[in-house]
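Me: Please take a close look at one part of this model, the salt bridges. I would like the setting of each pair as well as the pairs themselves.

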Amino acid sequence: MNATDVTLPRERQQWILERLRRDGRVVAADLAQAFRVSEDSIRRDLRDLASQGLCRRVYGGALLAQPVAPLGERHHERVELKRSLARAAASLVGERQILFIDAGSTNTALAHALPERRDLTVVTNAPDVAMAVLGRPGFEVMLLGGRIDPRIGGAIGSRTVRQAQDIRADLCFPGVCALDPVSGLWTFDEEETVFKQAIVEASGETVAIATPDKLVASATHHTVPITAITHLVVAEDADEAVVERYREAGVTVHR
């Protein structure tokens with residue numbers, strides 16, 4: 001069914017929901033044009049969908065609702081895939097480097113995969129990451145302070161950001177909520193966004209580690225442009241057409 005064939009609000013909302021599930025996002029102006037209705041009508045549709053928990057409204061449109069599970073739950077999701085990605089990302093680390101490692105289940109796996117006896121300094125806002133390297137030979141650990149968000153699993157806020165801004169790192173591993181080959185890295189939480197921006201700005205190169213669902217996902221807060229991402233680590237079976245779009249954007253891709 002074409003959008004112009006839809007006349008009832010309920011049919012229109014179902015069509016919008018299908019588009020959200022396909023693309024992860026919709027733009028109100030585009031929908032208004034497709035349905036030949038006013039943007040006010042579309043905004044009412046999006047409000048109704050948001051009230052049912054089916055989408056997240058943002059300026060100019062909406063995103064598919066993607067609730068973020070607490071870190072403890074995410075540690076038990078796709079464990080072997082995250083370990084594989086972590087090993088590939090760890091191979092990018094050289095000797096005597098300073099690393100910013102953000103909170104996140106994949107980044108915790110990265111911390112466990114880091115090679116020992118390389119004189120590495122790990123700077124992190126995440127207790128899980130710190131504990132993964134603490135006491136192992138060849139690691140110095142710097143744990144950034146501040147309010148720890150239990151859902152994120154790391155410290156965020158102005159104090160954490162100020163401490164990060166006082167450090168210069170060789171490599172940065174921001175937690176990836178969503179990645180887009182055109183616009184770059186996106187995040188769900190505003191304070192978390194500011195922290196990620198700080199560590200990317202303070203680092204020589206940035207490595208994004210992304211499970212397949214993150215390569216075509218959407219989030220609410222734009223964090224850094226795609227030009228700020230130096231390396232992308234993806235699964236061996238990641239969609240080649242999607243991966244190629246990142247290469248075209250100048251990102252070095254590692255499988």
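Reply: What follows starts with the basis of the values, then takes the salt bridges, and ends with the surrounding sheets and the overall dimensions.

The model is predicted, so local features are reported at pLDDT of at least 70 and side-chain atom pairs at pLDDT 80 or more, while totals for chains, interfaces and linings use all residues. Residues are numbered from 1 along each chain as its sequence is written, and side-chain values use heavy atoms, with hydrogens and water left out.

A salt bridge here is a side-chain nitrogen of Lys or Arg within 4 Å of a carboxyl oxygen of Asp or Glu. By this rule there are 14 salt bridges. Their surroundings are described by relative accessible area: buried is under 20%, exposed is over 50%, and partly exposed is in between, with a 1.4 Å probe and protein chains only.

Asp102 and Lys196 form one of these pairs, with 2.5 Å from N to O. Asp102 sits in the loop between strand 4 (98-101) and helix 6 (105-113), and Lys196 is in helix 9 (residues 190-201), so the pair ties together parts that are 94 residues apart in sequence. Helices (H or I, at least four residues) and strands (E, at least two) are DSSP runs, numbered from the N terminus. Both Asp102 and Lys196 are buried.

The pair of Glu95 and Arg96 joins side chains at 3.3 Å, N to O. Glu95 is partly exposed because its relative accessible area is 48%, and Arg96 counts as exposed because its value is 59%. Arg117 can be placed relative to Glu95: the two are 22 residues apart in sequence, and their C-alpha atoms are 8.5 Å apart in space. Arg117 belongs to the loop between helix 6 and strand 5 (120-124) and counts as exposed because its relative accessibility is 65%. Leaving out residues up to four places away in sequence, Arg117 touches Pro137 and Gly138, where contact means heavy atoms within 4.5 Å.

Glu240 and Arg247 meet in a salt bridge at 2.7 Å, N to O. Glu240 is partly exposed at 40% relative accessibility, and Arg247 is also partly exposed, at 33%. The pair belongs to a network of salt bridges that links Glu240, Glu244, Arg247 and Arg255.

Helix 9, which carries Lys196, can be followed to a sheet. Strands 10, 11 and 13 form an open sheet in the order 10-11-13 with antiparallel pairing; two strands pair if DSSP finds at least two bridges between them. The edge strands, each paired on one side only, are strand 10 (178-180) and strand 13 (221-224). Neighbouring strands of the sheet are turned by 35° against each other on average, direction ignored. Axes for such angles are lines fitted to C-alpha atoms, for helices over the stretch in contact, and angles run from 0 to 180 degrees between N-to-C directions. Strand 11 (residues 184-187) is joined to strand 13 by 3 bridges, the two running antiparallel, and Leu185 has Val224 in strand 13 as its bridge partner. Helix 9 packs on this sheet, touching strand 11 and strand 13, and its direction makes about 10° with that of strand 13.

Another open sheet has 3 strands in the order 1-3-2, again with antiparallel pairing. Its edges are strand 1 (25-27) and strand 2 (55-58), each pairing on one side only, and its neighbouring strands are turned by 20° on average, direction ignored. There, 4 bridges join strand 2 to strand 3 (residues 61-64) in antiparallel fashion, and Arg57 has Ala62 in strand 3 as its bridge partner. Helix 2 (residues 28-35) packs on the sheet, touching strand 1 and strand 3, at about 70° to the direction of strand 1. Helix 3 (residues 39-51) lies across strand 1, strand 2 and strand 3 and runs at about 135° to strand 2.

For the whole protein, the secondary structure comes to 10 helices and 15 strands. Buried residues are 50% of the 255 residues. Of the contacts with a separation of 6 or more, 59% are between residues 24 or more positions apart. The C-alpha atoms fill a box of roughly 65 × 40 × 30 Å along the principal axes.
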